[in-house]
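Student: I should like a close look at a single part of this model, the helix at its C-terminal end, set in the context of the rest of the chain. Please proceed from the overall architecture to the detail.

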Amino acid sequence: MSEPTNPPQPPLPPPSQPPGAGYPAPPPLPYATQSPPAIAPRNGLGTAALVIAIVGLLLCFTVVGGVVLGIAAVVMGFTGRGRVKRGEANNGGVAIAGVALGFLSIVAGLVFIPIYYYLVSQTGVVDLYDCMTKAGNDQAAQQQCETSWSQHVETKFSVTLTTAP
């Protein structure tokens, strides 16, 4: 048997311009052994945890400053430590320091609560507040409350309270 023959194809017309004419050459392809560019570590949370924990320690006497900032530092420190474990950050020690100082800030802030309670109860501020509330807008009753409270403080602490001229 004979094989079927394909009819001859007509020749292609010559192109009017060579391919790519008028455009710059494309950049060379990267080698397969090149690694992608390095990503900068995301160390912000660990650093922020340490800074906030230090500020919380400085403000622990305000109770709210110590406790609230301490909680924020602990949360950010643990989140920063998680980034270190995933390889997104490289400041694990700073994050752990933020967590430790954050816990210390919380404890220091909580320690001031009984101290403030003791000071308020010893000076009679609660009694003064109750007396002023009962006095309402009566100026004479308010003056009597202030006089009674200042006499209580002078007697209790052996001090003399004077008003500024």
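Tutor: Helices (H or I, at least four residues) and strands (E, at least two) are taken as DSSP runs and numbered from the N terminus. By that definition the protein chain has five helices and zero strands, and along the sequence its pattern reads α-α-α-α-α. The model is predicted, so local features need pLDDT of at least 70 and side-chain atom pairs count only at pLDDT 80 or more, whereas totals for chains, interfaces and linings use all residues. Residues are numbered from 1 along each chain as its sequence is written, and side-chain values use heavy atoms, with hydrogens and water left out.

Helix α5 spans residues 139-157. Its 19 residues reach 27 Å from the first C-alpha to the last, close to the 27 Å expected at 1.5 Å a residue; the expected span is 1.5 Å times one less than the number of residues. Gln142, Cys145, Ser150 and Val153 of α5 are buried, where buried means under 20% relative accessible area, exposed over 50%, and partly exposed in between (1.4 Å probe, protein chains only). These buried residues lie on the same side of α5 because they cover an arc of only 125 degrees around the axis; the arc is that of the directions from the helix axis to the C-beta atoms. Ala140, Gln144 and Thr155, on the other side of α5, are exposed. The cover over the buried residues of α5 includes α3 (92-123) and α4 (125-135), with contact meaning heavy atoms within 4.5 Å. Just after α5, Ser158 adopts a positive phi of about 55 degrees.

Helix α1 (44-58) offers a parallel case. It has 15 residues and reaches 21 Å from first C-alpha to last, close to the 21 Å expected at 1.5 Å a residue. The buried residues of α1 are Gly46, Ala49, Ala53 and Gly56. They share one side of α1 because their arc around the axis is only 85 degrees, and they pack against α2 (64-86) and α3.

Helices α1 and α3 also meet the surface: each gives two or more residues to a nonpolar patch of about 1,100 Å², whose members include Val51, Leu58, Val107 and Tyr118. Such patches are made of residues with over 30% relative accessible area and no salt bridge, like charges being joined within 9 Å and nonpolar side chains (Val, Leu, Ile, Met, Phe, Trp, Tyr) within 5 Å. Helix α3 gives the most, with six residues, and Tyr118 lies in α3.

The structure holds two salt bridges, each defined as a side-chain nitrogen of Lys or Arg within 4 Å of a carboxyl oxygen of Asp or Glu. Arg42 pairs with Glu88 (3.5 Å, N to O), linking the segment before α1 to the loop between α2 and α3, 46 residues apart. Glu88 also pairs with Arg86 (3.2 Å, N to O), and the shared partner joins Arg42, Arg86 and Glu88 into one network. Relative accessible area is 43% for Arg42, which is partly exposed, and 28% for Glu88, also partly exposed; Arg86, at 55%, counts as exposed.

For the chain as a whole, buried residues make up 22% of the 165 residues. Among contacts between residues at least 6 apart in sequence, 66% join residues at least 24 apart.

Definitions and conventions. Areas by Shrake-Rupley, 256 points an atom, 1.4 Å probe, with all protein chains shown as cover.
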